[in-house]
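This report describes one protein chain part by part, going from single residues to strands, cores and a helix. Keep the structure in view while reading.

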Amino acid sequence: MKTKVYIFTFVFFLSAVLYYLIGFKKSKEEYKIESTTVTRGDLLLTVRATGTAIPKNRLEIKPPIAGRVESILVAEGNLVGKGKILAWISSTERAALLDAARAKGTEELKKWEDFYKPTPVISPLRGLVIVSNISPGQTVTQQDILFVLSDTLMVQAKVDETDLSKIKIGQNANILVDSFSNESIRAKVKHIGYEAVIENNVTMYNVDLELNLIPSYLRSGMSITVDFIISEEKDVLLVSNDFIKRKNGKGIVLIKNKETLEETNVEIGDSDDQNTAVISGLVEGDFVYRKKKIQENKKNTSGGPFSSPKLPKR
């Protein structure tokens with residue numbers, strides 16, 4: 001009787017082991033070979049930041065006297081020279097005299113207009129009128145802002161403190177106005193702020209950039225994307241980052257020697273998000289390879305003799 005029990009137990013466990021080995025296969029790993037060619041092109045290494053178009057010198061023009069606006073000679077968007085008359089204002093006394101003379105007739109009004117001249121509002125600098133806050137006939141005080149002038153527009157970028165060490169005075173940058181993203185404008189770093197600005201618990205520093213050319217569509221307050229140029233290499237050999245490995249400052253690529261793939265060392269330079277510059281070890285048109293792992297998991301629908309029962313999905 002005991003012998004039968006032992007035999008039955010042995011057969012049961014042997015069947016369970018065979019079932020387990022047959023029913024559960026290990027994941028099968030395969031490789032496929034991919035290739036790419038060594039090309040020639042430009043490599044641009046940048047640090048990206050966001051910014052805003054702001055006036056370099058923003059000047060608010062207030063009236064020299066309190067009174068009434070008689071006429072306005074400029075509008076928003078006009079470029080004015082230093083000393084140009086922007087508007088004429090009658091003092092409170094002149095406005096009262098003219099109103100009284102107007103009631104007596106045209107001749108009386110002309111007499112007082114010739115005798116009592118209005119006061120001009122003069123531009124103290126050459127610049128662009130970016131704000132005009134007045135209308136003819138409006139009464140103003142000496143605290144009211146009539147116009148806002150800007151001598152030129154610049155870009156102020158906010159740079160993360162971790163990237164600040166890469167930014168230098170005189171460094172070139174490319175800027176894109178978000179609403180005109182197809183047109184890149186060249187700019188140069190003119191000033192790096194000394195005081196931190198905290199935004200969303202991130203420490204930032206203001207960096208001012210001067211534009212080489214100010215486009216006509218640029219307006220104060222526009223959102224800007226700034227790419228500070230860290231490195232710019234022209235007409236260099238390029239290999240996709242997926243096909244090159246870095247080790248101890250050197251590059252390793254796979255090349256085909258007859259029918260086998262062999263690792264070879266190459267001298268490399270800077271990298272951007274897509275490519276790495278190759279200084280020596282390859283020539284334009286060479287093929288480089290990589291082994292890409294394919295992992296195929298084959299699952300058995302049965303749980304096996306010792307598996308826990310699966311609960312139904314809710």
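## Residues of strand 15 and their surroundings

Not counting neighbours within four places in sequence, D227 is in contact with T46, V47, R48, A173 and N174. The model is a predicted one. D227 is found in strand 15. Its relative accessible area is 13%, and residues under 20% count as buried, so D227 is buried.

S231 has its place in strand 15 too. Its relative accessibility is 15%, so S231 counts as buried. Leaving out residues up to four places away in sequence, S231 touches L43, L44, L45 and D270. With D270 there is also a polar contact, side chain to side chain, at 3.0 Å.

D235 is found in strand 15 as well. Phi of D235 is near 50°, a positive value in a residue other than glycine. D235 is partly exposed, with a relative accessible area of 49%.

The table lists relative accessible areas for these residues and for N201, which is found in the loop between strand 13 and strand 14.

| Residue | Relative accessible area | State |
|---|---|---|
| D227 | 13% | buried |
| S231 | 15% | buried |
| D235 | 49% | partly exposed |
| N201 | 78% | exposed |

## The chain as a whole

How many helices and strands does the protein chain have? There are 3 helices and 20 strands. The chain has 314 residues, and buried residues make up 30% of them. Among contacts with a separation of 6 or more, 72% are between residues 24 or more positions apart.

## Strand 14 and its partners

Strand 14 covers residues 202–211, and 8 of its 10 residues are buried. Strand 13 (residues 180–199) pairs with strand 14 in the antiparallel sense, over 9 bridges. Within this pairing, V197 has M204 of strand 14 as its bridge partner. Strand 13 and strand 14 form a hairpin with 2 residues between them. In the turn, N200 has a positive phi of about 55°. N201 has a positive phi too, near 65°, and is a residue other than glycine.

Strand 14 also pairs with strand 11 (residues 153–160): the two run antiparallel and are joined by 6 bridges. In this pairing V155 stands opposite L209 of strand 14.

## Two nonpolar cores

In soluble globular proteins, nonpolar side chains tend to be buried together. The largest nonpolar core here has 24 residues. Which residues have the most contacts inside this core? They are I175, L209, L218, V226 and F228. At least two residues of the core come from each of strand 2 (39–55), strand 11, strand 12 (172–177), strand 13, strand 14 and strand 15 (223–240). Apart from this core lies another, of 14 residues, which include V80, I134, F147 and L149.

V226 gives a closer view of the largest core, being one of the residues with the most contacts inside it. Leaving aside neighbours within four places in sequence, V226 is in contact with V47, R48, A49, V155, A157, A173, N174, I175 and L209.

## A four-stranded open sheet

4 strands form an open sheet in the order 3-10-8-5, with antiparallel pairing. The edge strands are strand 3 (58–61) and strand 5 (79–80), each of which pairs on one side only. Strand 3 pairs with strand 10 (residues 147–150) over 4 bridges, in the antiparallel sense. Here I61 stands opposite F147 of strand 10.

## Helix 2

Helix 2 has 13 residues, 92–104. From its first C-alpha to its last it reaches 19 Å, close to the 18 Å expected at 1.5 Å a residue.

Which residues of helix 2 are buried? They are R94, A95, L98 and A101. These residues cover an arc of only 130° around the axis, which means that they are on the same side of helix 2. They pack against strand 4 (67–72), strand 6 (85–91) and helix 3 (106–115). On the other side of helix 2, E93, A103 and K104 are exposed. Just after helix 2, G105 takes a positive phi of about 125°.

Methods: Residues numbered from 1 in each chain as written. Predicted model: local features only at pLDDT ≥ 70, side-chain atom pairs only at ≥ 80, totals over all residues. Heavy atoms only, no water. Pairing = 2+ DSSP bridges. Buried < 20%, exposed > 50% of the residue type's maximum accessible area, 1.4 Å probe, protein only. Core = buried A, V, L, I, M, F, W, Y, C linked by side-chain atoms within 4.5 Å. Contact = heavy atoms within 4.5 Å. Polar contact = N/O pair within 3.5 Å; in protein donor to acceptor, adjacent residues only side chain to side chain. Expected span 1.5 Å × (residues − 1). Arc of directions from axis to C-beta.
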